[in-house]
Amino acid sequence: MTTHRTHHRTATVRGLDVYYREAGPADAPVLLLLHGFPSSSHMFRDLIPLLSGRYRVIAPDHIGFGRSSAPAASEFSYTFDELAAVTQEFTEQLGLTEFALYIQDYGSPIGLRLALAHPERVTAIVTQNGNAYEEGLGKEAWAPVLALIEERTPETEAPVREISGPDGIRWQYLHGVPDPSAVSPDAYEHDTALMARPGQPDIQLDLISDYGANFALYPAFQEYFRTSRVPLLAVWGAHDEIFVPAGALAFQRDLPEAEVHLLPTGHFALETHAPQIARLMTDFLDRHLLTA
């Protein structure tokens, strides 16, 4: 299998640094990988080489995450609308007129905002525990977040702060994984170090408290699926208690031809199933992009 070297680059959008990983032929179909919380493009480190022989793969870090700029919460509006706006400008700066999306966790409402704004640009969607339906929300995991969204107080902030702490991050990586020894500690320790930087608690609280804005867009996302008939592949960690399997199956309600695969792992499925996900993706994308 041909692979291409991964390059580590930075673009400037609105005066902010957007770090991104890129690999693959410049003239190949573009695949835009959008990471979730509390990660960064680091989560795609194993997947990118497996896709770079066929696609131009681009994986940015959202503002506030990874190696991208992380201005203080008092200096930047940390909302999903703003993260999506920066991402859209990033794609335009790189001249990406068409791209398939890989969306996970936070990457889902960010990527789907791009699709609502410019449906003609999105050629296909791969969603890996990237939710767009109320039934995809795990009740226990979401209880403290829903309380914060309803009313932001010191009392509702406290349990949510723990989600961004070492134990909360480690839980997201290991929960639901049959063999935790298959998950490299480098992954959650990398995220933990970045989340420990000054200002991160306020940044993450602002974003989590804004998550209700995503719920409000669920009907629009679902209407987009019905009207666009965008090819969609759901590769989902079946043991994820944050975004549960019902969220994956729900895509078939609006996209009857959507392909759904439930994998025996947790929220960060790439940590244990990157080769399997890459095979499912190349089969799916080859049929929908390379033969288009």
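**Buried residues and the largest cavity of a predicted model**

Apart from neighbours within four places in sequence, glutamine 172 is in contact (heavy atoms within 4.5 Å) with Phe37, Pro38, Ile163, Ile242, His267 and Phe268. The model is predicted, with local features needing pLDDT of at least 70 and side-chain atom pairs counting only at pLDDT 80 or more, whereas totals for chains, interfaces and linings use all residues. Residues are numbered from 1 along each chain as its sequence is written, and side-chain values use heavy atoms, without hydrogens and water.

Glutamine 172 belongs to helix α6 (residues 166–174); helices are DSSP runs of H or I with at least four residues, numbered from the N terminus. Its relative accessibility is 5%, so glutamine 172 counts as buried (under 20% relative accessible area, against over 50% for exposed, with a 1.4 Å probe and protein chains only).

Helix α4 spans residues 139–150. The buried residues of α4 are Trp142, Val145 and Leu148. Viewed down the axis of α4, these residues fall within an arc of 110°, taken from the directions from the helix axis to the C-beta atoms, and so line one face of the helix. Lys139, Glu140 and Glu150, on the other side of α4, are exposed. The cover over the buried residues of α4 includes α5 (154–163), α8 (200–209) and α9 (212–228).

The largest cavity, a set of points on a 1 Å grid over the protein atoms alone where a 1.4 Å probe fits but cannot get out, is lined by residues including Val18, Asp61, His62 and Phe90, lining residues having an atom within 4 Å of a point. Helix α2 (residues 80–93) supplies the largest share of this lining, four residues.

How values were computed. Helices (H or I, at least four residues) and strands (E, at least two) are DSSP runs, numbered from the N terminus. The expected span of a helix is 1.5 Å times one less than its number of residues. On a 1 Å grid over the protein atoms alone, a cavity is a set of points where a 1.4 Å probe fits but cannot get out, and a pocket is an open set with protein on both sides within 12 Å along at least five of seven lines; lining residues have an atom within 4 Å of a point.
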